[in-house]
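I opened this model to look up its side-chain contacts first and its overall form afterwards. My notes follow in the order of the look-ups.

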Amino acid sequence: MTWGSPEREMKPLAATRRVLVDSLQGGLGKPSVRWVMLTSPFLGGVGIYAFYAMQPYLLELYGDPEAFA
């Protein structure tokens, strides 16, 4: 297989599975990438939680001329 040329013989589910398996092997197989892959769901969840937790406070500041930023 060469890069940039699609494989027409593979079915969509088989191709999706192959990409998933290859990305997990390539990502989890390298120690420098492994921790990024394992911590990203946690950090994403914390970011989403913080965004929704801050909304009431940010809406309270909206329109307040005394608010600094």
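Entry: salt bridges. I worked on a predicted model. I counted salt bridges and arrived at one. The partners are R18 and D22, whose closest N and O atoms lie 3.8 Å apart. I noted that this falls inside the cut-off, because a salt bridge requires the side-chain nitrogen within 4 Å of the carboxyl oxygen.

I then asked where R18 and D22 sit relative to each other in helix 1. They are four residues apart in that helix, which covers residues 12-28, so about one helical turn separates them. I also looked up how exposed the two partners are. R18 has a relative accessible area of 37% and is partly exposed. D22 is partly exposed as well, with a value of 42%.

Entry: aromatic rings. I searched for aromatic pairs and found one in the structure. The pair is made by F51 and Y52, with ring centres 5.2 Å apart and an angle of 75 degrees between the planes. I recorded the pair as edge-to-face, because planes over 60 degrees apart are put in that class.

Are F51 and Y52 buried, partly exposed or exposed? F51 comes out at 46% relative accessibility and counts as partly exposed. Y52 comes out at 54% and counts as exposed. The boundary between these classes is 50%, so the two residues fall on opposite sides of that boundary.

Entry: helices and two single residues. I listed the secondary structure of the chain and got two helices and zero strands. I picked S23 in helix 1. S23 is partly exposed, at 37% relative accessible area. From S23 I took the C-alpha distance to M54, which is 31 residues away along the chain, and read 35 Å.

In helix 2, which covers residues 31-61, I picked M37. M37 has a relative accessible area of 29% and is partly exposed. From M37 I went to R8, 29 residues away in sequence, and the C-alpha atoms of the two are 30 Å apart.

Entry: the whole chain. How does the radius of gyration of the chain stand against that of a compact globule of 69 residues? The chain has 22 Å, whereas such a globule would have a value near 11 Å. I also took the extent of the C-alpha trace along its principal axes, which is about 65 × 30 × 20 Å.

I then looked up burial over the chain. Buried residues make up 1% of the 69 residues. The exposed surface of the chain is about 6,700 Å², and carbon and sulfur atoms supply 69% of that area.

Last, I checked the charges. The chain carries 6 positive and 6 negative side chains. I noted that the centres of these two sets are 25 Å apart.

Note on methods
Residues numbered from 1 in each chain as written. Predicted model: local features only at pLDDT ≥ 70, side-chain atom pairs only at ≥ 80, totals over all residues. Heavy atoms only, no water. Buried < 20%, exposed > 50% of the residue type's maximum accessible area, 1.4 Å probe, protein only. Phe/Tyr/Trp six-rings, centres within 6.5 Å; stacked < 30°, edge-to-face > 60°. Rg over C-alpha atoms; globule rule 2.2 N^0.38 Å. Areas by Shrake-Rupley, 256 points an atom, 1.4 Å probe, with all protein chains shown as cover. Lys, Arg positive; Asp, Glu negative; His and termini not counted. Charge placed at Lys NZ, Arg CZ, Asp CG, Glu CD.
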